[in-house]
Structures are given as structure tokens and as C-alpha cells.
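Below is a brief report on strand pairing, core packing and two individual residues. Keep the coordinates open while reading.

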Amino acid sequence: MESLSSSFSGIIHHRISTMTASIPRVRHVMPIEGHVLLVTFDNAVMKRYDVQRLTDREMFAPLKNPHFFDTVAVEPGGYAVSWGPDIDISEYELWQHGITETGGAGHDVPGGETAKG
């Protein structure tokens, strides 16, 4: 029975590792109009993520304050963006539910790149 348990655990670990390995890490985040983040991933894809839908939850309520919202930063390793130690959004959530930028007016981002939006 121990062998079956070990095999099952290995399969789950492999699936989780494979699933998270395909999600790029966050390289840069910039707050833009409203409660929208412009997120640049390490594969150079840029996505807009609207945080407004989360602000009705108690945990995310402080993000309604625009000055606090603007303090967003990338967590070490690019696994999330955060506002202090208590509020964060994972790279998985940002990647899966963000809207990919596909052209239009540019936004300046660090490193001399231009984000399309």
C-alpha cells in the first residue's frame, strides 16, 4: 500500500509541477486607469487585469483606495503581485484571467519597452 501511495503522490506532484511550469512569472506590474493592472510576464506577454471584481471581498476591500492600489509591487520570484504583506494576486490568476494586450496606444514600461493597450 505504501508503494501505491508514493506513486499517487508522485503523479500529483508531477501534474502540479507541469501545470505551474507553463505559467510565466510576473516581470513588471503597473497600475493604470480604474482598478486595472498592466502586467508584463517573463515571456514578454502583457495582460490587463481588472481588480474591481475582487474589491467586494473583505480581503481586497483596501484596494478601493486609489492611493493604496497604486502601491502594487511584484513579489520576489514573480509568483504574485502584492500590496503589502496581506493582499496578493498570484501569477496564475493574472495569467488565466488577464486580457492579453493586442495593440493600440502604448504605455511606457521599464527597460525601454512599450506596452500596447
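## Hairpins

Start with the hairpin of E1 and E2: three residues lie between its strands, and Gly34 takes a positive phi near 60°. The model is predicted. E1 and strand E2 (residues 36-41) are antiparallel and share six bridges. Two partners in E2 can be named. Thr40 is the bridge partner of His28. Leu38 is the bridge partner of Met30.

A hairpin also links E2 and E3, with four residues between them. Ala44, in that turn, has a positive phi of about 75°. E2 and strand E3 (residues 46-50) run antiparallel and are joined by five bridges. Here Val39 has Lys47 of E3 as its bridge partner.

## The sheet

These pairings belong to an open sheet of four strands. The order is E1-E2-E3-E7, and the pairing is antiparallel. Strand E1 (26-32) and strand E7 (99-100) are the edge strands, each pairing on one side only.

Is E2 enclosed or open to the outside? It is largely enclosed by the rest of the structure, because six of its six residues are buried. Val36, Leu38 and Thr40 point one way from E2. Leu37, Val39 and Phe41 point the other way. Both sets are buried.

## Nonpolar cores

The largest nonpolar core has 19 residues. Leu37, Val51, Val81, Trp83, Ile89 and Leu94 touch the most other members. Elements giving two or more residues to this core are E1, E2, strand E5 (80-83), E6 and H3. E2 provides the largest share, three residues. Another core, of five residues, lies apart from it. Met30, Ile32, Leu38 and Met46 are among its members.

Val81 shows how the large core's contacts reach along the chain. Neighbours within four places in sequence are left aside here. Val81 is in contact with Val26, Val29 and Leu37. Its contacts also include Val72, Ala73, Val74 and Glu75. Ile87, Asp88, Ile89 and Leu94 complete the list.

## Ile89

Ile89 sits in strand E6 (residues 87-90). Its relative accessibility is 3%, so Ile89 counts as buried. Ile89 is also one of the core residues that touch the most other members.

Which residues does Ile89 touch, not counting those up to four places away in sequence? They are Tyr49, Val51, Leu54, Phe60, Ala80, Val81, Trp83 and Leu94. Val74 is a useful distance check: Ile89 and Val74 are 15 residues apart in sequence, and their C-alpha atoms are 9.8 Å apart in space.

## Glu91

Glu91 is found in helix H3 (residues 91-97). Is Glu91 buried or exposed? Glu91 has a relative accessible area of 8%, under the 20% cut-off, so it is buried.

The side chain of Glu91 has a polar partner. It makes a polar contact with the side chain of Arg25, at 3.2 Å. Residues up to four places away in sequence are again not counted in the contact list. Glu91 touches Ile23, Pro24, Arg25 and Val26. Glu91 also touches Phe41, Gly78, Tyr79 and Ala80. Of these, Phe41 is one of the buried residues of E2.

Key:
Residues numbered from 1 in each chain as written. Predicted model: local features only at pLDDT ≥ 70, side-chain atom pairs only at ≥ 80, totals over all residues. Heavy atoms only, no water. Buried < 20%, exposed > 50% of the residue type's maximum accessible area, 1.4 Å probe, protein only. Contact = heavy atoms within 4.5 Å. Pairing = 2+ DSSP bridges. Polar contact = N/O pair within 3.5 Å; in protein donor to acceptor, adjacent residues only side chain to side chain. Core = buried A, V, L, I, M, F, W, Y, C linked by side-chain atoms within 4.5 Å.
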